[in-house]
Number of protein chains: 4
Amino acid sequence: MTNIFDNIESEVRTYSRAFPVIFERAQGSWLYDTEGNAYLDFLAGAGTLNYGHNNPVLKEALLDYIRADGITHGLDMQTSAKQAFLENLQKYVLEPRGYDYMVQFTGPTGTNAVEAALKIARNVTGRHNVVAFTNGFHGVSLGSMAATGNAHHRDASGIPLTGVSHVPYAGYMGSDLDTVKLLESMLDDASSGLDKPAAVILETIQGEGGLNVASYEWLRNVEALCRKHEIILIVDDIQAGCGRSGRFFSFEEAGIQPDVVTLSKSLSGYGLPFAVTLIKPEYDTWKPGEHNGTFRGNNHAFVTAAKALETYWADDALQNELAEKITHLGERLKQMTKGYDTSLLKAKGRGFMQGLECRNGELAGKICRRAFDNGLIIETSGADSQVVKCLCPLTITLEELDKGLDILQEAVRHTLQKEIRAAS
Amino acid sequence: MTNIFDNIESEVRTYSRAFPVIFERAQGSWLYDTEGNAYLDFLAGAGTLNYGHNNPVLKEALLDYIRADGITHGLDMQTSAKQAFLENLQKYVLEPRGYDYMVQFTGPTGTNAVEAALKIARNVTGRHNVVAFTNGFHGVSLGSMAATGNAHHRDASGIPLTGVSHVPYAGYMGSDLDTVKLLESMLDDASSGLDKPAAVILETIQGEGGLNVASYEWLRNVEALCRKHEIILIVDDIQAGCGRSGRFFSFEEAGIQPDVVTLSKSLSGYGLPFAVTLIKPEYDTWKPGEHNGTFRGNNHAFVTAAKALETYWADDALQNELAEKITHLGERLKQMTKGYDTSLLKAKGRGFMQGLECRNGELAGKICRRAFDNGLIIETSGADSQVVKCLCPLTITLEELDKGLDILQEAVRHTLQKEIRAAS
Amino acid sequence: MTNIFDNIESEVRTYSRAFPVIFERAQGSWLYDTEGNAYLDFLAGAGTLNYGHNNPVLKEALLDYIRADGITHGLDMQTSAKQAFLENLQKYVLEPRGYDYMVQFTGPTGTNAVEAALKIARNVTGRHNVVAFTNGFHGVSLGSMAATGNAHHRDASGIPLTGVSHVPYAGYMGSDLDTVKLLESMLDDASSGLDKPAAVILETIQGEGGLNVASYEWLRNVEALCRKHEIILIVDDIQAGCGRSGRFFSFEEAGIQPDVVTLSKSLSGYGLPFAVTLIKPEYDTWKPGEHNGTFRGNNHAFVTAAKALETYWADDALQNELAEKITHLGERLKQMTKGYDTSLLKAKGRGFMQGLECRNGELAGKICRRAFDNGLIIETSGADSQVVKCLCPLTITLEELDKGLDILQEAVRHTLQKEIRAAS
Amino acid sequence: MTNIFDNIESEVRTYSRAFPVIFERAQGSWLYDTEGNAYLDFLAGAGTLNYGHNNPVLKEALLDYIRADGITHGLDMQTSAKQAFLENLQKYVLEPRGYDYMVQFTGPTGTNAVEAALKIARNVTGRHNVVAFTNGFHGVSLGSMAATGNAHHRDASGIPLTGVSHVPYAGYMGSDLDTVKLLESMLDDASSGLDKPAAVILETIQGEGGLNVASYEWLRNVEALCRKHEIILIVDDIQAGCGRSGRFFSFEEAGIQPDVVTLSKSLSGYGLPFAVTLIKPEYDTWKPGEHNGTFRGNNHAFVTAAKALETYWADDALQNELAEKITHLGERLKQMTKGYDTSLLKAKGRGFMQGLECRNGELAGKICRRAFDNGLIIETSGADSQVVKCLCPLTITLEELDKGLDILQEAVRHTLQKEIRAAS
């Protein structure tokens with residue numbers, strides 16, 4: 001018997017193929033299907049559920065708001081909910097870090113925040129080109145798509161993508177090449193063919209790109225290069241931000257201060273569509289309404305976001321607990337790779353964005369399927385989908401974390417054993 | 001004393017300048033600010049709140065769902081909420097009209113649905129060009145932006161917009177020119193410079209473009225031209241769809257059947273971010289994940305959307321009541337223009353998308369400001385913002401409608417009187 | 001036995017297929033093949049040989065120059081030959097007409113002159129878009145190609161052509177539409193989607209486009225529109241210039257004065273590669289060497305060009321004789337169409353750029369082949385190659401003209417007779 | 001008293017500023033101005049006059065041809081002169097080297113040959129992107145411009161240049177980076193953002209780019225990479241070809257065989273505009289006339305080109321003599337740099353394309369000006385115009401070569417002495 005999904009949902013769907021059940025309910029780190037089966041969630045909405053599913057604190061705030069007929073949809077009008085969000089963002093995030101940003105409420109998707117970031121950079125500088133990096137992922141609407149490296153997505157555009165030059169990311173050629181130096185050479189060289197860019201856009205940890213990590217030194221060098229050439233530095237912190245790296249912003253520890261920052265995914269804290277673009281005041285040269293979008297005032301998201309900030313970022317508790325989990329996760333992953341050649345299996349990543357790079361995507365896929373059979377939801381990333389990526393909720397308990405890692409460990413052993421047997 | 005909005009919200013905000021109060025609560029056709037003032041809403045989230053603010057039926061469904069820890073964020077996984085939405089869409093919308101479409105859940109913004117529509121058309125045909133119309137509005141991410149006519153938005157892109165040829169919309173040169181004929185001449189002419197397009201994208205009623213209306217004959221002629229040249233016909237029904245025109249789809253009465261349809265705005269019924277792209281099965285050639293987006297599984301929206309469909313589209317009640325209101329609205333608007341030269345004031349539009357075209361944007365702006373002073377929220381559209389646009393909730397009562405129109409009428413008279421006095 | 005052309009000349013060759021003989025010698029209006037056959041030339045190097053093949057006056061000047069070891073290749077250095085050309089251009093062309101232009105020596109091809117024209121217009125205005133017309137032909141290098149209408153050429157680019165909006169040329173929709181009005185509406189309308197252009201580029205008579213003629217009034221209206229919107233007006237006079245229209249510039253009689261003019265084809269007078277872009281002094285904002293090209297100093301062409309100007313444009317003799325031939329040509333062509341429905345055969349064109357529009361390209365091709373069999377070289381133009389085009393040397397004698405027209409007339413009758421017979 | 005050049009020649013002129021005299025006559029390696037002054041020519045038409053000015057053998061052939069009323073302008077019709085050229089090209093160039101190419105006569109400029117090469121590569125592969133290298137120069141019409149690195153030229157386009165990805169040329173990061181490896185990594189990586197290219201276009205020695213030389217191994221590695229990924233390899237041999245490198249083609253010694261080769265500059269041998277694109281038969285998929293151009297049949301150039309091939313390439317005499325001169329030139333340049341730090345002065349180049357790289361463009365400019373004052377015409381190249389480039393005629397005598405090098409040596413010493421004195 002076919003179901004309604006097979007009948008009328010587009011072929012474009014993808015996660016539903018990996019997890020072919022119907023989910024009904026979720027709480028914390030757990031998902032439940034219509035048959036009552038429970039699944040531990042190491043995907044967390046691709047990094048959107050940093051505080052877990054249906055976080056009770058946020059849930060109560062949201063229920064109260066809805067019950068009271070709070071504004072749901074507000075375009076870019078002023079509302080109490082937006083006011084509370086802005087105040088909490090200022091109080092718990094910007095002020096303590098000494099950051100000075102204007103907040104643009106873009107359409108409530110990460111790609112829209114990136115589109116806005118690229119526009120403002122181009123407008124401020126009067127230049128059209130943008131530098132992006134190998135394996136970067138910034139979204140699939142046409143402007144962001146041009147900055148995204150993945151050919152599977154790029155080719156779907158049906159039109160050449162323009163306005164972006166792709167250069168090698170940190171460590172792209174191993175220790176052979178300081179990739180910032182290459183970029184510097186090309187920027188300094190009036191005949192390099194690299195049109196002077198409006199902006200450099202980067203992720204400090206490439207989530208979709210396969211958990212590639214930029215060193216703090218590399219980030220500082222890129223920032224310095226941008227300053228030298230008067231280029232806008234955009235950090236796309238959509239996946240690595242909101243605590244995923246261990247700090248609220250993924251670039252805090254590097255000590256850099258981007259000109260523009262995009263946030264989305266876990267910003268609402270509850271999985272609700274939300275995105276902002278933070279812009280240094282001197283670059284906030286928008287004319288009213290130049291960039292707009294019907295859902296830029298998703299007030300439900302403002303409510304849960306404001307609550308999330310005051311609940312989790314008013315003190316260091318979350319951050320400190322998280323530090324422990326990060327260490328633990330790293331150690332267990334390293335352990336899992338013991339005895340395997342690094343070309344077969346390698347631990348990778350930073351913060352609570354770590355995983356295992358496999359020889360190829362086929363292998364990584366098999367590991368994820370085995371894990372799912374045992375009740376763990378986990379997915380891959382990377383150019384060849386070769387990296388198994390742990391994106392657990394930040395609020396996961398150590399027990400849950402270990403339970404999930406046990407399942408992962410079994411899946412790795414089981415899969416590699418078969419692989420090695422087959423190869424020999 | 002400055003407030004948090006002045007302090008840290010980007011200069012890009014626009015509606016908050018027209019309505020400089022802080023909104024707190026809303027119900028049905030009414031908005032309330034923090035001072036307790038009530039405002040009748042003839043903007044309705046720019047057409048997003050067709051069933052009114054915080055519609056009680058949808059609200060209960062949403063509260064139940066949240067209380068029960070239903071899935072909130074589901075990427076494109078299968079969930080009970082998505083299932084219910086798809087079943088209701090099939091049962092109450094597609095089947096009764098004999099339509100056969102696959103449903104793509106794009107990122108939950110209109111512009112994302114348009115980006116997907118353009119991509120699939122380009123991929124299916126292998127062509128890059130798209131024909132769009134003067135005064136069309138399809139969004140501000142780079143792909144949709146190229147199809148949008150408005151220079152204020154276009155210029156903000158900071159990079160030339162490519163891949164779209166703009167041709168005159170229905171009635172653009174008055175009765176002098178059958179604009180479909182011009183398009184046909186250019187398509188038939190191998191030397192016209194109009195690259196054979198993948199798609200023609202159009203709105204049947206141009207909301208942002210100033211309430212320009214295409215006749216049913218014009219729409220049928222465009223459809224026939226698309227068939228003749230094997231061009232994908234995309235109807236962007238984001239603003240005119242979901243009942244706004246008087247029927248669920250704005251193109252029903254014209255008897256055409258587009259290859260691709262975009263829906264958003266009032267689709268969730270509750271103002272929650274949601275968008276879909278409907279694609280004829282033969283064109284649903286997506287590879288899994290080619291177009292994606294973190295929030296394409298906004299299950300709260302699925303819940304309210306499913307409820308809205310079964311509540312309002314299971315029978316003809318809404319449609320019939322709406323027909324009355326449409327007639328009434330049209331008559332009152334026509335009445336308001338009496339005694340004025342059509343170059344000064346003109347009624348315009350179709351369905352529950354009607355308004356008044358003023359001599360210029362300055363005048364229209366004054367009328368809206370006067371109306372707001374008297375408790376009516378209403379906005380302009382058009383190239384010069386010269387059209388005052390009534391986008392009332394479809395569920396507005398006749399009494400509320402008349403109350404709002406009374407305020408509008410007073411604002412028109414007051415403003416034009418001053419205008420005429422100043423001119424004489 | 002195959003020959004060297006079949007063996008190693010690219011498939012791209014085209015005229016050699018229509019005239020499959022080997023030409024050896026030429027003089028005046030005549031070409032001679034290696035077998036000694038003579039052909040009357042109504043193609044004249046596609047308008048490059050306005051003074052006939054190997055014009056004796058120019059030939060002597062060229063032989064003298066070569067014998068004396070005059071500079072052949074001079075980059076953009078100052079040479080005596082260039083000096084003489086500039087002086088004669090000033091004396092015989094610009095001054096008498098009261099024109100004030102700076103002369104840019106571009107690469108010696110028409111397309112290069114157009115590329116330079118587009119660049120300077122974009123640089124001067126800071127805008128990227130250019131308006132070109134249906135059926136316009138401006139060359140096949142990527143920049144000019146974008147302004148050319150023909151899909152056969154456009155599609156060969158292998159990449160979308162950007163930066164040009166194509167709008168209907170004079171008379172494109174017959175008397176239904178004043179096409180300048182449409183352009184004006186779109187320029188005046190901030191939401192038309194037509195990005196404000198740097199330039200409007202046009203031919204006053206579309207040679208490759210099928211001998212479409214713009215009225216003087218239309219040209220003046222376009223000029224006025226350009227002035228109103230501060231748009232650079234470029235007249236591409238590559239084919240219609242150098243006397244082809246009956247005057248030196250094809251736009252003289254319209255009384256307009258373009259901001260930029262491109263000349264090539266018959267400029268050298270001897271068929272030697274040569275092109276210039278004339279630019280009003282206020283727009284000559286080039287930085288040294290910004291646009292360059294190895295062969296921009298083709299001094300042989302300067303020598304023959306200077307000689308041609310002093311020989312043919314110092315007085316009105318050529319122009320007066322030409323006026324007679326133009327009238328005669330027009331009358332004979334009109335006569336040829338007598339008795340045929342205008343949908344089957346129609347006289348067309350202006351100046352010494354006239355011809356016969358046939359129902360379709362197949363018919364026109366047959367007429368040309370029949371004419372070639374009888375010793376006349378003549379070719380087609382137009383989107384479907386449906387226009388038989390007489391591009392005789394301006395210096396053709398009346399006897400030669402009549403001889404050629406006799407052959408053409410016979411070919412028309414013969415072909416149409418067969419056509420009508422087949423149809424009945 | 002101003003002259004006609006100041007009065008009406010465009011500001012774009014550049015060489016005339018460096019050499020502000022009026023040239024009248026030229027023979028062999030010498031230019032003469034109107035005052036009777038003689039100048040030794042180390043510029044040779046920017047590499048266009050490999051056989052010297054007005055080479056007597058070619059001159060006689062050309063005079064004979066003109067006297068006999070040979071076809072001057074032939075579009076792409078078959079002519080005796082074209083036949084002779086094709087036969088000689090086959091006999092003296094292609095056959096002896098075992099090369100199999102189809103010959104496309106493009107418009108007679110290098111940029112046009114490059115435009116044709118890019119088009120055919122895009123059409124054959126169905127891909128839009130092209131890989132070009134830092135400091136590459138391929139022309140300034142829009143298609144070639146996109147592949148050219150120089151910002152001075154790029155910025156003059158007034159529109160973003162699309163369809164080309166620029167990657168580091170051989171040796172760009174010194175010995176730190178094997179640049180082919182970087183290109184390989186990006187081609188192998190489905191997420192690099194480098195769209196799979198239709199073609200790689202390169203110069204084996206970058207003339208305008210500053211005499212950068214690719215090693216034979218690097219060239220072979222690029223060729224292998226192209227084969228592996230089924231990418232068309234285009235060698236732009238416009239400046240380095242026709243003997244300039246020491247062999248007819250600059251890539252012969254590397255042992256590679258490009259899919260497409262562009263030739264121009266010295267192809268006619270006499271400085272006449274001429275260009276061809278050589279295409280491997282399997283890629284010669286042009287439809288007739290897809291790429292065209294009025295002057296693609298410049299028969300005067302065919303005559304001198306045919307003569308040049310049979311005179312200079314029928315045996316090894318030229319090549320052998322040239323080898324001696326190349327060695328001599330290299331030795332003398334190396335000698336000139338003795339005693340200077342390599343950051344101040346460095347010998348550079350390959351074949352008869354060698355020169356001196358100075359610390360900066362200002363210094364190189366001073367050297368050239370000093371040399372000109374002493375009767376030597378020599379110019380710079382490179383991103384900062386920092387390389388003094390010896391492009392002597394291949395036919396220069398050893399005495400002339402030494403005379404020119406003496407002047408250069410004095411200019412170097414004189415200029416550097418002042419420089420060092422000023423610095424200390």
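**Figure 1. Superposition of chain C on chain D in the predicted model.** A turn of 180° with a shift of 0.0 Å along the axis lays chain C on chain D, with an RMSD of 0.0 Å. This is the relation of a two-fold axis. The C-alpha of C:Leu142 is the one in chain C nearest the axis, at 2.6 Å. Of the interface residues of chain C, 100% are also interface residues in chain D, so the copies meet through the same surface.

**Figure 2. Helix H5 of chain B and its surroundings.** Helix H5(B) covers residues 80-97. At 1.5 Å a residue its 18 residues should span 26 Å, and the end C-alpha atoms are 25 Å apart, which agrees. The helix nevertheless bends by about 40° at B:Gln90. B:Gln90 is one of the buried residues of H5(B), which also include B:Phe85, B:Leu89, B:Tyr92 and B:Val93. The cover over these buried residues includes elements of two chains: helix H1 (4-8) and strand S1 (23-27) come from chain A, while helix H4 (56-67), strand S4 (102-105), strand S12 (276-279) and helix H11 (299-312) belong to chain B. B:Gly98 follows the helix and has a positive phi, near 70°.

**Figure 3. Aromatic pairs in chains A and C.** Over all chains, the structure holds 76 aromatic pairs. One of them joins A:Phe85 and A:Phe274 edge-to-face, 5.1 Å centre to centre and with 70° between the planes. A:Phe85 belongs to helix H5 (residues 80-97) and A:Phe274 to the loop between strands S11 (260-263) and S12 (276-279) of chain A, so the pair ties together parts 189 residues apart in sequence. Both A:Phe85 and A:Phe274 are buried. In chain C, the ring centres of C:Phe248 and C:Trp313 are 5.1 Å apart and the planes stand at 90°, so this pair is edge-to-face. C:Phe248 lies in the loop between strands S10 (232-236) and S11 (260-263), and C:Trp313 in the loop between helices H11 (299-312) and H12 (317-337); the pair therefore ties together parts 65 residues apart in sequence. C:Phe248 and C:Trp313 are buried.

**Figure 4. An aromatic cluster in chain A.** One cluster is formed by A:Tyr99, A:Tyr101, A:Phe248, A:Phe249, A:Phe251 and A:Trp313.

**Figure 5. Charged ends over aromatic rings in chains C and D.** The charged end of C:Arg25 sits over the ring of C:Tyr32, 4.4 Å from the ring centre. In chain D, the charged end of D:Lys82 sits over the ring of D:Phe105, at 4.6 Å from its centre.

**Figure 6. C:His414 in helix H14 of chain C.** The helix comprises residues 398-423. C:His414 has 25% relative accessibility and so counts as partly exposed. Its C-alpha is separated by 42 Å from that of C:Arg220, 194 residues apart along the chain.

Key:
Residues numbered from 1 in each chain as written. Chains lettered and ligands numbered in written order. Predicted model: local features only at pLDDT ≥ 70, side-chain atom pairs only at ≥ 80, totals over all residues. Heavy atoms only, no water. Helix = DSSP H or I, 4+ residues; strand = E, 2+ residues; numbered from the N terminus. Buried < 20%, exposed > 50% of the residue type's maximum accessible area, 1.4 Å probe, protein only. Least-squares fit on C-alpha atoms with pLDDT ≥ 70 in both. Contact = heavy atoms within 4.5 Å. Expected span 1.5 Å × (residues − 1). Bend = angle between axes of the 7 residues up to and from the residue. Phe/Tyr/Trp six-rings, centres within 6.5 Å; stacked < 30°, edge-to-face > 60°. Lys NZ or Arg CZ within 6 Å of the ring centre and 35° of its normal.
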